[in-house]
Amino acid sequence: MFDRFSRGTMRRPASVAADLAWVALLAGLISACSGGDDGGDLRPAVLEGHAERISELSKRDDLNLLFILIDTLRADRLHYAGYERETSPMLDYLALTGISFQRHASQSSWTKTSMASMWTSLYPVHTGVLRAQNGLPTDARLPAEVLRDAGFRTAGIWRNGWVSGQFGFGQGFYVYDRPTPRPVRKVERRRTPHAIPGSDSDAIDSATAFLRQHHQERFFLYLHLMDIHQYVYDEDTAIFGTSLSDVYDNSILHTDDLISLLLGQMNKLELLDKTIIVIGSDHGDAFGEHGIEGHARDLHAEVTHVPLVISLPIRLRPGVAITDPTENVDIWPTLYDLLGLPLPPDLDGRSVLPQILKSLEHGSSSPVDRGPRFAYLDRSWGRIERASRPLVAVEQGIYRLHYDGENPAASRLYDMHADPGELKNLFAAKPDVAARLAQQAVKRLSETAVWPEVPTLEIDEMQLNQLRALGYHIDE
Ligand SMILES: [Zn+2]
């Protein structure tokens with residue numbers, strides 16, 4: 001795998017590699033992945049099984065956090081996760097020398113519902129952020145508030161209007177804004193009728209400016225990238241063809257390049273031995289697997305199986321791959337644990353740190369029965385005037401039920417072990433399993449937000465149309 005990784009990296013066109021920082025970084029990566037010594041690598045090495053080094057991180061008072069949210073990124077399109085194309089050399093490096101989560105799921109297939117759950121570690125029914133007009137209340141205590149209060153300089157740079165401050169997502173950030181857009185090199189927009197101005201290069205530039213200014217302070221930087229969502233790529237580095245699916249892969253490669261550039265800047269600023277880097281996503285994207293293109297319409301694996309990588313400021317050799325099912329609500333409890341911050345009470349998510357440490361000590365962790373995983377989508381999310389059409393995915397053991405709250409008889413059941421692509425509906429064939437999981441879904445649907453009130457915003461039709469364009473095909 002490492003040989004393939006190196007060749008793939010070397011073969012790529014030279015426009016990005018012309019940046020000297022990137023070349024230095026590349027040399028370090030190849031050295032690391034070919035088993036060379038520690039000279040030039042991004043992260044200082046630790047020996048295999050040395051779990052104490054991770055526990056020691058929580059005692060450090062100089063650790064920063066870089067949280068890169070890559071909108072619309074499917075886990076199964078990343079090379080380290082088994083995809084045959086070399087779409088993701090930098091993410092591969094971070095995964096193979098850090099902690100990767102192989103069965104990780106988002107809480108929705110639509111940005112706002114998904115991100116509200118990620119930041120609060122609560123399932124969607126408990127955030128109440130289910131539709132276009134909902135926002136997070138000030139009662140919600142978000143990670144940026146926790147980290148700001150712990151002394152971090154907080155900044156959020158985002159390009160998706162669903163996570164704007166208007167919807168409550170800016171709480172705790174000193175700076176929370178879109179980057180200034182510049183002309184874009186190449187864009188494919190066959191799916192999205194409304195373009196977002198600029199590209200993720202603008203976000204990387206803003207992030208770099210922030211780091212140059214604040215690198216001597218302790219920081220939490222959240223970057224929300226959108227080029228994959230928008231099918232934006234760089235013509236000079238595109239190598240995967242021209243179909244929509246190819247363009248998606250080109251866009252992943254382009255995004256990976258941008259992340260390399262940012263890490264090159266961080267390397268220059270000597271931040272890489274004191275920064276935890278998280279790579280996550282809010283949902284995937286469909287290519288007709290279940291008759292739908294895009295996302296925000298159902299909850300199948302192609303739109304809910306997302307990547308998660310936590311890259312520590314120490315290099316794990318080998319990296320840890322967590323194979324137990326995990327979810328986006330688990331991210332922040334795990335990060336709080338790593339940073340030595342107390343976990344807020346009554347979260348739906350939980351820290352995976354104990355499993356990570358066990359994996360390091362024993363080579364693998366014993367499977368944990370974590371109870372069911374949940375995802376939620378209101379299929380009327382973009383139509384304020386319409387009644388709710390809830391869909392709940394409940395997964396426990398090998399089975400996953402897509403419970404249709406509007407028409408329970410239309411629910412679907414899949415065996416995720418035998419049929420991970422969710423192609424064979426077992427709803428009629430396995431009535432006992434379906435009934436057991438349906439009961440869990442119904443219970444969830446009867447629950448409400450944990451806060452007394454979830455803000456309802458007034459959004460004008462023009463703004464709503466722009467925002468709707470960030471999901472697709474909602475006029476049904
Ligand atoms: Zn999204």
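Two strands count as paired here if DSSP finds at least two bridges between them. Keep that in mind for the first stop on this tour of a predicted model.

**Stop 1: the four-stranded sheet.** Select β13, β14, β15 and β16. They form an open sheet in just that order, with antiparallel pairing. At the edges sit β13 (373–378) and β16 (412–415), each pairing on one side only. Ignore direction, and neighbouring strands here are turned by 15 degrees against each other on average. Now zoom in on β15 (residues 399–404): four bridges join β15 to β16, and the two run antiparallel. To see the register, show Tyr399, which stands opposite Asp415 in β16.

**Stop 2: just past β16.** Step along to Ala418, in the loop between β16 and α14 (431–446). Is Ala418 buried or exposed? Ala418 counts as exposed, because there are just 9 C-beta neighbours inside 10 Å and the cut-off for exposed is 12 or fewer. Draw a distance from Ala418 to Ile398 as well: these two are 20 residues apart along the chain, and their C-alpha atoms are separated by 8.4 Å.

**Stop 3: strand β1.** Jump to residues 64–70. Seven of the seven residues of β1 are buried, so the strand is largely enclosed by the rest of the structure. Colour the two faces separately: Asn64, Leu66, Ile68 and Ile70 lie on one side, Leu65, Phe67 and Leu69 on the other, and both faces are covered. Then add the partners. β1 pairs in the parallel sense with β8 (residues 275–280) over six bridges, and Leu65 has Ile276 as its bridge partner there. Strand β6 (residues 219–225) also pairs with β1 in the parallel sense, over six bridges, with Ile68 opposite Leu223.

**Stop 4: the core.** Stay on Ile68. Apart from neighbours within four places in sequence, Ile68 is in contact with Leu223, Leu225, Ile259, Val278 and Ile279. Ile68 and Leu223 are the residues with the most contacts inside the largest nonpolar core, a set of 121 residues. Which helix gives the most to this core? That's α10 (residues 244–268), with ten residues. Colour by domain and you'll find that domain 1 (44–362) and domain 2 (373–468) both give residues to the core, so it lies between them.

**Stop 5: α4 against α10.** Keep α10 on screen and add α4 (residues 89–96). Eight of the eight residues of α4 are buried, so this helix too is largely enclosed by the rest of the structure. The axes of α4 and α10 come within 7 Å and cross at roughly 65 degrees. Show side chains at the crossing: Pro89, Met90 and Leu91 from α4 meet Asp256, Ile259, Ser260 and Leu263 from α10. By class, that contact has five nonpolar, one polar and one charged residues.

**Stop 6: backbone oddities.** Most residues other than glycine have a negative phi, and most peptide bonds are trans. Here are some exceptions to click on.

- Tyr231, in the loop between α9 (227–230) and β7 (232–233), has a positive phi near 55 degrees. Tyr231 counts as buried, with 20 C-beta neighbours inside 10 Å.
- Glu270, in the loop between α10 and β8, also has a positive phi, near 55 degrees. Glu270 is exposed, with 9 other C-beta atoms within 10 Å.
- Pro318 sits in the loop between β11 (308–311) and β12 (320–327). The peptide bond from Arg317 to Pro318 is cis, with omega near 0 degrees.

Definitions and conventions: Residues numbered from 1 in each chain as written. Predicted model: local features only at pLDDT ≥ 70, side-chain atom pairs only at ≥ 80, totals over all residues. Core = buried A, V, L, I, M, F, W, Y, C linked by C-beta atoms within 7 Å. Domains from an automatic or database assignment. Contact = placed C-beta atoms within 7 Å. Axes fitted to C-alpha atoms, helices over the stretch in contact; angles between N-to-C directions. Nonpolar A, V, L, I, M, F, W, Y, C, P; charged D, E, K, R; others polar.
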